Amino acid sequence: MASLRACFTVILMILISSSLSQAHPGYFFDWGEGGGSTGEDFGLFPEFYQYACPQVNDIVLSVLERAIAQEPRLAASLLRLHFHDCFVQGCDASILLDDSETIASEKNSNPNKNSVRGFEVIDEIKAKLEEACPQTVSCADILALVARGSTVLSGGPSWELPLGRRDSKTASLTESNRNMPPPNATLQNLITLFKQQGLDEVDLVALSGGHTIGVARCVSFRQRLYNQNGNDQPDETLERSFYYDLTSICPKSGGDNNISPLDFTSPAKFDNTYFKLILWGKGLLNSDEVLLTGNGFNTMDLVKSYAEDEELFFDQFAKSMVKMGNISPLIGYNGDVRKDCRRVN
């Protein structure tokens, strides 16, 4: 009887382990060979794919390196995808879902339409991961890995990245229109929108530093050039030569999709020049410049500190990216692992 009970116990443990591994592929029972669960109660943890898909980061980076080498601007676009995903119903890859009978895609929201890009890179990474580790790595985790990889490949910091997010079965066009900070936001508006996501002023300034790479469309900064306060006058905080350069790119009407670098001195290099430009009156977006001029002493001091100390900025950017990546993730049996990031299973 004792041997039968022991046999039954082993079978039961195997069945439980198999069931758990479907929701937690990084989880396994310690059979006396070392290792085992990280003890984080199925939350996010860096070793989540250690056993189920150990090559996940290598696959992500192999695609990223080629894509960014061909088009350096993609690094900023892919970093931005993670940000735009997490601010709408959490970091759940809802931004990747296309329109369908049941989905009103977030890609069509005002902040995203004709703006967010890089979806083909995500598709390629997902296809390669499905070949190597079928239905294991979530699209939400791909976005987080791609954001880190894009930062590193642009010369920025790396960070230990907690993983284990699952993918949503829904999207929210309404939240996307409501939750994303607009380029003409006031400082108080920015603080409020970040606070709603559990992010503070330090996170706001550090994450805004992601604008050290990438570009913005004319429609995003035209107001500053021609009608900042409803009086047909430019923003008086704009440095004059920078203002004239921008008017040659962005006319008073038309040219909505003309682009300008957010950091015109090193638009493809992740560094702290973005903060120096703000101090010189050369921040491109209103939401950039108000970090200094919006009567927020904390944000003003942070801009100055990050302009002086790149290592300090890198360190806080990494911490704030981890914090942002932990906004309302779907874990355990919640959500799904999509086979195709553009549609629910």
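The expected span of a helix is 1.5 Å times one less than its number of residues. The model used in these exercises is predicted.

**Exercise 1. Helix length**

Task: Compare the end-to-end reach of α5 with the expected span.

Solution. Start with the count: α5 has 15 residues. At 1.5 Å a residue, 21 Å is expected. From first C-alpha to last, α5 reaches 20 Å, which is close. Now take α2. It also has 15 residues, and they should span 21 Å. The end C-alpha atoms of α2 are 22 Å apart, in agreement.

**Exercise 2. The faces of α2**

Task: Find which residues of α2 are buried, and how they are arranged about the axis.

Solution. The cut-off for buried is under 20% relative accessible area. V56, I59, V60, V63, L64, A67 and I68 of α2 are buried. Look down the helix axis: these buried residues fall within an arc of 145°, so they line one face. Then turn to the other side of α2, where D58 and A69 are exposed. Last, ask what lies over the buried residues. The cover includes α3 (74-86), α4 and α5 (139-153).

**Exercise 3. Packing of α2 against α4**

Task: Describe the crossing of α2 and α4, then the residues in contact.

Solution. Two packed helices are described by the angle between their axes and the distance between the axes. Here α2 covers residues 56-70 and α4 covers residues 119-132. Their axes come within 10 Å and cross at roughly 145°. The crossing is right-handed. From α2, the contact uses V56, I59, V60, V63, L64, R66 and A67. From α4, it uses V121, E124, I125, K128, L129 and A132. By type, the residues of this contact are ten nonpolar, no polar and three charged.

**Exercise 4. Enclosure of α5**

Task: Decide whether α5 is largely enclosed or open, using its buried residues.

Solution. Of the 15 residues of α5, 13 are buried. Therefore α5 is largely enclosed by the rest of the structure. Just after α5 comes G155, with a positive phi of about 100°.

**Exercise 5. Positive phi outside glycine**

Task: Locate Q89 and D232, and give the phi and exposure of Q89 and of D232.

Solution. Most residues other than glycine have a negative phi. Q89 has a positive phi near 50°. Q89 sits in the loop between α3 and α4. With a relative accessible area of 23%, Q89 is partly exposed. D232 has a positive phi near 60°. D232 belongs to the loop between α9 (218-226) and α10 (240-249). Its relative accessibility is 53%, so D232 counts as exposed.

Note on methods. Residues numbered from 1 in each chain as written. Predicted model: local features only at pLDDT ≥ 70, side-chain atom pairs only at ≥ 80, totals over all residues. Heavy atoms only, no water. Axes fitted to C-alpha atoms, helices over the stretch in contact; angles between N-to-C directions. Helix = DSSP H or I, 4+ residues; strand = E, 2+ residues; numbered from the N terminus. Left-handed = near helix turned anticlockwise from the far one by under 90°. Contact = heavy atoms within 4.5 Å. Nonpolar A, V, L, I, M, F, W, Y, C, P; charged D, E, K, R; others polar. Buried < 20%, exposed > 50% of the residue type's maximum accessible area, 1.4 Å probe, protein only. Arc of directions from axis to C-beta.
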